[in-house]
Amino acid sequence: MSTSVLFDVPGPRARRRQLVGTVVGGLVVAALVGLALWRLAANGQLEPDRWAVLFDPASGVPQALWEGLLNTLAVAAVGMVLATVLGALLAVGRLSDHAWVRIPVGVVIELFRAVPLLILILFCLLFLPTVGVPMTAFRALVLGLTLYNMAVLAEIFRAGILSVDRGQREAAFALGMRKTQVMTLVLLPQAVRRMLPVLVAQLVVLLKDSSLGFIVGYVELLRTARSLVEFFNFSFGSQYTFQLYVAAGLIYIVVNVALSQVARSVEKRTRRSAKAAAAADVELPADVQMGGGGAPTGQA
């Protein structure tokens, strides 16, 4: 389809206005960046000696930031896996035909979506030990991130499943597939592909929310940077404060950009796989080939 069908092609005047807006916007951004760099240079924040501490092994800064990054990635990885799996299960439960499954699952999703993440983390750390559940800062942070993000991911999965053409669901049932097969083989794969950008965005939010660990004493990247700032402030004042926080921020940016790039690669690969599968002959499950399978009703 030609792009001109979707919108009008800009004329000469519109192109000139776009060019002028682009140039003016670029100049404004360049001026703001230049002003910021000028102020930093005037305060001595760009001196090489202040940045050298980030790369000097003798200072202990690179080792500490690396350890904080590993701790951040550990809690984020566990939280991502648990939240994704539980979110998918909750989405399936909320779409169940049985009210005794659908209603409690909906209550759980709405409850954990409404409670602030920090309250969940503090609840896990302070209350659960009083009822006999052993808890550490790592466990509390993982549990809080999981409970909150599984509720958000459940709604993302549900929206993706509902966006799939209803005809595909009906066609799968007509072929004799069971409801679990329709969900796992037809609906969920397409839902994940469609909602992958939103899923990745939420996982990036989860990674950044792991910085709340410094509230409960978990030594993640932000807590490490804060500890380094306090250590160097005791001996050198605020000489390295800006550099340490910038380093932590840049590490977060690099990790989140890398996660987004991996997601884009996975999305492109799944699209190519989907096109290849559509061109190939479809092989039905063994029980469907033999005439097995049930009607769409009667199963959760």
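**Figure 1. Residues 140-161 in the predicted model.** The span is 100% helix and 0% strand. Its end C-alpha atoms lie 31 Å apart. The unreviewed UniProt entry lists residues 140-161 under "transmembrane region", together with residues 20-41, 69-93, 105-128 and 242-263.

**Figure 2. Residues 105-128, another span that UniProt lists as "transmembrane region".** Here 83% of the span is helix and 0% is strand. The C-alpha atoms at its two ends are 22 Å apart.

**Figure 3. The salt bridge between Arg94 and Glu155.** The closest N and O atoms of the two residues are 2.8 Å apart. Arg94 belongs to helix α3 (residues 61-94) and Glu155 to helix α6 (residues 137-163), and the pair links parts of the chain that are 61 residues apart. Both Arg94 and Glu155 are buried. For Glu155 the relative accessibility is 17%, and the residue counts as buried because this value is under the 20% cut-off.

**Figure 4. The salt bridge between Arg113 and Glu155.** The N to O distance between these side chains is 3.8 Å. Arg113 is in helix α4 (residues 99-114) and Glu155 in helix α6, so this pair ties together parts that are 42 residues apart in sequence. Arg113 has a relative accessibility of 39% and counts as partly exposed, whereas Glu155 is buried.

**Figure 5. The salt bridge between Glu230 and Arg226.** The two side chains meet at 3.2 Å, N to O. Both residues lie in helix α9 (residues 221-236), with a spacing of 4 residues, about one turn of the helix. Glu230 is partly exposed at 44% relative accessibility. Arg226 is also partly exposed, at 40%.

**Figure 6. A network of salt bridges.** Arg94, Glu110, Arg113, Glu155 and Arg158 are joined into one network by salt bridges that share partners. Glu155 is one such shared partner, paired with Arg94 and with Arg113. The model has a count of 8 salt bridges. Side chains of opposite charge can pair when their charged atoms come close.

**Figure 7. A patch of positive charge on the surface.** Arg13, Arg15, Arg16 and Arg17 gather here. Arg13 lies in helix α1, which covers residues 12-42. Arg13 has a relative accessible area of 64%, and this residue counts as exposed because the value is over 50%.

Key: Residues are numbered from 1 along each chain as its sequence is written. This is a predicted model: local features need pLDDT of at least 70, side-chain atom pairs count only at pLDDT 80 or more; totals for chains, interfaces and linings use all residues. Side-chain values use heavy atoms; hydrogens and water are left out. Patches are made of residues with over 30% relative accessible area and no salt bridge: like charges are joined within 9 Å, nonpolar side chains (Val, Leu, Ile, Met, Phe, Trp, Tyr) within 5 Å. Accessible areas come from the Shrake-Rupley method with a 1.4 Å probe; for residues, only the protein chains shown count as cover. A salt bridge is a side-chain nitrogen of Lys or Arg within 4 Å of a carboxyl oxygen of Asp or Glu. Lys and Arg count as positive and Asp and Glu as negative; His and the chain ends are not counted. The place of a charge is taken as NZ of Lys, CZ of Arg, CG of Asp or CD of Glu. Buried means under 20% relative accessible area, exposed over 50%, partly exposed in between (1.4 Å probe, protein chains only). UniProt positions are given in the numbering used here, feature names are shortened, and annotations may be inferred rather than shown by experiment.
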